[in-house]
Structures are given as C-alpha cells and as structure tokens.
Amino acid sequence: MLADQVLAVQFQPAWFYGGSHTVFSNQVEAMLDRGWFVLRVIVEPEGCPGPTMRRRIAKFVAETNVDATTHIDTLACATGLPAIVDDREADEYLRHAIRGRINLVIPDDLMSDLVARADIAVINYVYHMGFALTACPAAKYVLETHDDITCMRLTQWRVLPEAPAFSAPGTLKRHLRLERLAWRTVDVCIALSLSDLRKIRRHASRFVFVLPRPYARPALKAGPDAPWDILIVMNPHHFNVPALDRFLNDVIACDPQLAKLRIAIVGRVNEVLEAHWKNRLPATRWFGFVPDIDSLRDSSRISVCPDEHGTGIAIKTLTAMAAGHPIVATPTALRGLPDEILELIPPAIGAARMQDQIRTLLSDESLLEQRRNAVAVAAGLLWPATGHGRALSMAMEAGPDTSRRRADFLASLGQESPPPPIDLNERRIRFGAGGNDRPFLGLNWLNDEPGGRWSDGSSATVRLPGAWMTQACRLKITFMESFQCTKITLRHRGVSLKGRVRSPGAMTFNLDLKDRAHDDFVELEMSCPAAFCPSENGIGNDERVLGMHIRTIEVVPLPWHAALVARARKMFGDKALFQPTNA
C-alpha cells in the first residue's frame, strides 16, 4: 500500500454465492478502478474463530471471489459465543440486528488496524452500520441498502406463517424511524431499485440509484434439442424457497405436459427443496452451486424467474437480461425496473399466465426469438447506467463532518442489556435452548439447539465459578443421546484430571481446586478424541465440525468416603496410600 493511496473498506455478510455478490463485486471493481487499496471485511455474527469458521470461510472466499478482482479479505466475528441476533420478534428486530453486530471484532490485529485507518467504507445492508461506524470511525460512508428492511419484515409477516408481526403501530414507527436515521447518517445512500429510491431520497442527505452490472456473457441460442428447457437460479432465501415450491406445484407438476419439461435449478435452494421434489419431477435436476452458470444458460432455452415477494431488485432477472436470454418472469421478479421494461417483457401474473407463457415460448421458435429480441432491447435501455463509481465520488466529495449524526445513530441503539446474574446455588449447567449455559461457556462452542450444545471441534472450554470450589467436588458431564462417549479428557491449566465413564452417556471427574475458590472463574478444557463434519460423511448438509454434544454439567459434593480418599491421595500420593504388604 502506497503512502498516499486511498484505503477503502467494504463490509459484507458471510453469505455464500448469490445475487448480492454481483453488487459486492461491482463495488470492489469500482474501488480498484480508482487505484484504491481495497480490504473486504466478511461479517459473521453467528460464528466464532474455530474449526467450523475456518472451514466455512475457506469455502466462502473461494466461492465468492468468482467475480471479484484483487483485494484482501479479513473476518469480523464474535470472540466468545456467537452474537445473539433474534429473528423471532419484529418490534425491535432492526435495533437488535445492528446491536448484535456492533461488538464484533476483527481477530487479525494488522487487519483491524488497517480498517480503523480507512478513508472510505462501503456498508452493505443497514445491519452492519453500528459495527462499521465503530470499526472505522474516520471514514466516509456509503450505505448500499439492498432491501427496505421495514417493508421486508411486513412482507414476511404477511406471507410466511412463522414470521413475527409488529405488535402495535408505535413499534412499527420506531423500526421505520431507525432505518430512516441510518439513511441520513451516511454520506451517500445507494438505492438498487426505483421503488426504494422514491423513499430513500426523502430522508438521505445524498443518494444515488445504481443499477448492478451482472457478470454474464451473451448467451448462445439454444434450440429445441437443447439439454434443458428451463433454467432457474435461486439461493435459499426465505422468500425464494416458498416461491419456487409453489411454482413447481402450481405451474409445473399440475400440468402433465409441463411436468415433463427438463428443468435445471441452480443455487443452494437444493439443500431445502430437492429431497421433496426429486421423485415427483424426475426430469428436473438440482445442480446446487455452479461456478459457471453461463455454460448452463447456453444449453437452456428460457430462464424463469418465479419470485413472489422481495424488496430491492432481482439480480437473477438482471443477469438473464444482461445475457440476452429469453425470460418468463413474475411482476415481483421485475420489481424496481422502469415501466419501459415491463412493456417489453410482460409479467406473468398468476400460475395460469406463467403456464401459458412457458408453453407458448417453448412450442413456437418465432415467438421465442421475439422474446429474445425484446430482452436485448430491454438490456440496451438499462445499460450503461449509473455505477458505483458515482456513489464513491459523491462520498469522497462530501462536505461537512457527519460525526454528530453518527453519534446520534449509535445512541439510538441503546445500551446492551446486562446478562442475568449467575445463580450460584444452582450448580447444574443446562446446555442448549432454554438452558443457563451461556455465562459458563468459553471458547469453541456452536449455537445452542434443543436439549444441548455441540462443541466446535474436538476441544472447548467451560468457566466454573470459583465459589463452587470451596471443597472437593465431583464434576458430572452428561451427553446427548447422539453422542456416544468413549473418552473425554478434562484439563485444568494443562494438567489432566482423572475421570471415569459412568455410562455411555456420562462421565465424572473429581475436582479438588480449593486454592481457586477466591477466583471469579476457574477455566477447564474439555476434549474428545476426534471431531467430524456430517456433510463430509454423507449425512445431510450440516457443514459444522462437531465434537462433544453436551446436555448438562453438574457440580456435586464428593461422598464422604471419596472425599477422605481424595484428601489422603493429595497428602501422601497413591504410592504411599496403597503400599503392598509381605504378609
């Protein structure tokens, strides 16, 4: 990095490859075009440094750098347990989402120092605002909104049965006020759709509409003998899954003719829907992640975009248009685009019209050619368009200091609720959902789940209150049924403690740490012989590195005879206590 070179930082979520990565790569490219030094911060609030994170990030970086050009990647995550970002309630969702990321750290000290010196920062999604404001406090800020979060939450509530609702108009108003405050706080706010722009422009100090530029080459013309009739590209977003499921059910499977179509489905949505559909539609193939979609598009006659709900803009639709591929799309898939585009590509409104468009285009080559030409004209109307370079220039030219607005935004998030006090009388740690384990967990633990919690890899640490160590005691570890204990090792300050397997589901260890009774906490390291990754062993899609599956840890007093033996061993040692006789 040169002394006078602009240091630019980009904040983006640790999502595997999807439509948003077109935008992320556009941003990096625009910064590099200016000769800036670019650092990408991958933000992962739901993970901590450990075997699972290292495995995930290695895969993530390889997959998401398909389009991105030269830059440096670094990670921001929690240092202890994963941050709690509660998605199950609506009233304070946005505040909790921002607040839950604000205390993340960049473990690499060199990278953390570079981020702190950033001249400009591009923030993807309002969720990352609080963390970005604290990580690089002197930077100019560009916020790429992607989604209208309040609108998205309202849409979720209307269409997803499990989605929470706002409890009252007042809570909705607070949610909306915080999002608008975020738009005002940054130097430049980017809208990716015209519908979002109309709202943002009323609140942001500077704003710009940027149309993403997909990384797609012109598609080759596929004839009637092409391997695939339909190409669908979708990731497992909570709006995509039900939309694709209903498309297959209401448009394809219910029609004997359409059910025979050869459909190629690309993207990780296969992890959610393939098992349900692979036998019902045998001509459909689920490809999962594909690094070269262009080649698959060359061998597909049309692209179908069956979106039902969404905010922002549909990158999958833009990508098909940029490639000049004939499209059948719902109104939602064409959201945020100028009216001229809708005149060229008529939306398929409802299942019947979707069926009619698919059937007509695939049965008539002349009509298919007309749709292909219409898509080409539409693409010509869209590009060239304003790119991210305009937003970056506006931010660097921004005048007055916005530190006051930034301070107001951070203050609006409120203070983090203090953790509940530890009940020292309950010497039983219950792991998992609804448990009390969080204050006692140290390094290398995964998210909780019903009944227990897995360690991240083969070793993890627990922190027991020193007040529990006033006398010799017994530590009982109970495992989940899914984890058949063979041998667990327990260490204190590197020294192994003796333990016994009481049953396939439990082990006990004798502890005599009275000299640590005045410490706040006593740290113990637990380890098992090996860890495993279910997906690597052909067991579903779980890519975590699983070690021990713990249900409870209980500290109980030693029985009087065990306490007597333990005291004697500590005073005289095993050899002195059990001397052989010559009688």
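**Exercise 1. At what angle do helix α7 and helix α17 pack, and how far apart are their axes?**

Before solving, a word on the model. This is a predicted model, in which local features need pLDDT of at least 70 and side-chain atom pairs count only at pLDDT 80 or more, while totals for chains, interfaces and linings use all residues. Residues are numbered from 1 along each chain as its sequence is written, and side-chain values use heavy atoms, with hydrogens and water left out.

*Solution.*
- Step 1: find the elements. Helices (H or I, at least four residues) and strands (E, at least two) are DSSP runs, numbered from the N terminus. Here α7 covers residues 169-185 and α17 covers residues 403-412.
- Step 2: read the geometry. The angle is about 155 degrees and the axes lie 9 Å apart. Axes are lines fitted to C-alpha atoms, for helices over the stretch in contact, and angles run from 0 to 180 degrees between N-to-C directions.
- Step 3: name the arrangement. Therefore α7 is roughly antiparallel to α17. Angles under 35 degrees count as roughly parallel, over 145 as roughly antiparallel, 65 to 115 as roughly perpendicular and the rest as oblique.
- Step 4: list the contact (heavy atoms within 4.5 Å). Leu178, Leu181, Ala182, Arg184 and Thr185 of α7 meet Arg405, Arg406, Asp408, Phe409 and Ser412 of α17.
- Step 5: sort by class. The contact of α7 with α17 has 4 nonpolar, 2 polar and 4 charged residues. Ala, Val, Leu, Ile, Met, Phe, Trp, Tyr, Cys and Pro count as nonpolar, Asp, Glu, Lys and Arg as charged, and the others, Gly among them, as polar.

**Exercise 2. Describe how helix α14 meets helix α15.**

*Solution.*
- Step 1: the axes of α14 (residues 350-363) and α15 (residues 365-382) come within 5 Å and cross at roughly 110 degrees.
- Step 2: this makes α14 roughly perpendicular to α15.
- Step 3: α14 brings Gln357, Thr360, Leu361 and Ser363 to the contact, and α15 brings Glu365, Leu367, Leu368 and Arg371.
- Step 4: by class, the contact of α14 with α15 has 3 nonpolar, 3 polar and 2 charged residues.

**Exercise 3. Which strands stand at the edges of the sheet of 7 strands?**

*Solution.*
- Step 1: recall that strands of a sheet pair through backbone hydrogen bonds, either parallel or antiparallel. Two strands pair if DSSP finds at least two bridges between them.
- Step 2: write the order. This open sheet runs β3-β2-β1-β4-β5-β6-β7, with parallel pairing.
- Step 3: look at the ends. β3 (72-77) and β7 (207-209) stand at the edges with a single partner strand each, so one side of each has no neighbour in the sheet.
- Step 4: add the twist, which averages 20 degrees from one strand to the next.
- Step 5: zoom in on one pair. β4 (residues 120-124) and β5 (residues 140-144) run parallel and are joined by 5 bridges. Ile123 has Leu143 in β5 as its bridge partner.
- Step 6: see what covers the sheet. Helix α4 (residues 109-116) packs on it, touching β1 (7-13), β2 (37-44) and β3, and its direction makes about 115 degrees with that of β2.

**Exercise 4. Work through the sheet of 4 strands in the same way.**

*Solution.*
- Step 1: this open sheet has the order β16-β22-β18-β19, with antiparallel pairing.
- Step 2: β16 (459-465) and β19 (495-497) are at the edges, each with a single partner strand, so one side of each is left without a neighbour in the sheet.
- Step 3: the twist averages 35 degrees from one strand to the next.
- Step 4: strand β18 (residues 489-492) is joined to β19 by 3 bridges, and Arg491 stands opposite Ser496 in β19.

**Exercise 5. Where are Tyr125, Asn444 and Pro384?**

*Solution.*
- Step 1: start from the usual case. Most residues other than glycine have a negative phi, and most peptide bonds are trans.
- Step 2: Tyr125 lies in the loop between β4 and α5 (129-135), and its phi is near 75 degrees, a positive value. Tyr125 counts as buried because its relative accessibility is 4%. Buried means under 20% relative accessible area, exposed over 50%, partly exposed in between (1.4 Å probe, protein chains only).
- Step 3: Asn444 sits in the loop between β13 (428-430) and β14 (445-449), with a positive phi of about 65 degrees.
- Step 4: Pro384 is in the loop between α15 and α16 (388-396). The peptide bond from Trp383 to Pro384 is cis, with omega near 5 degrees.
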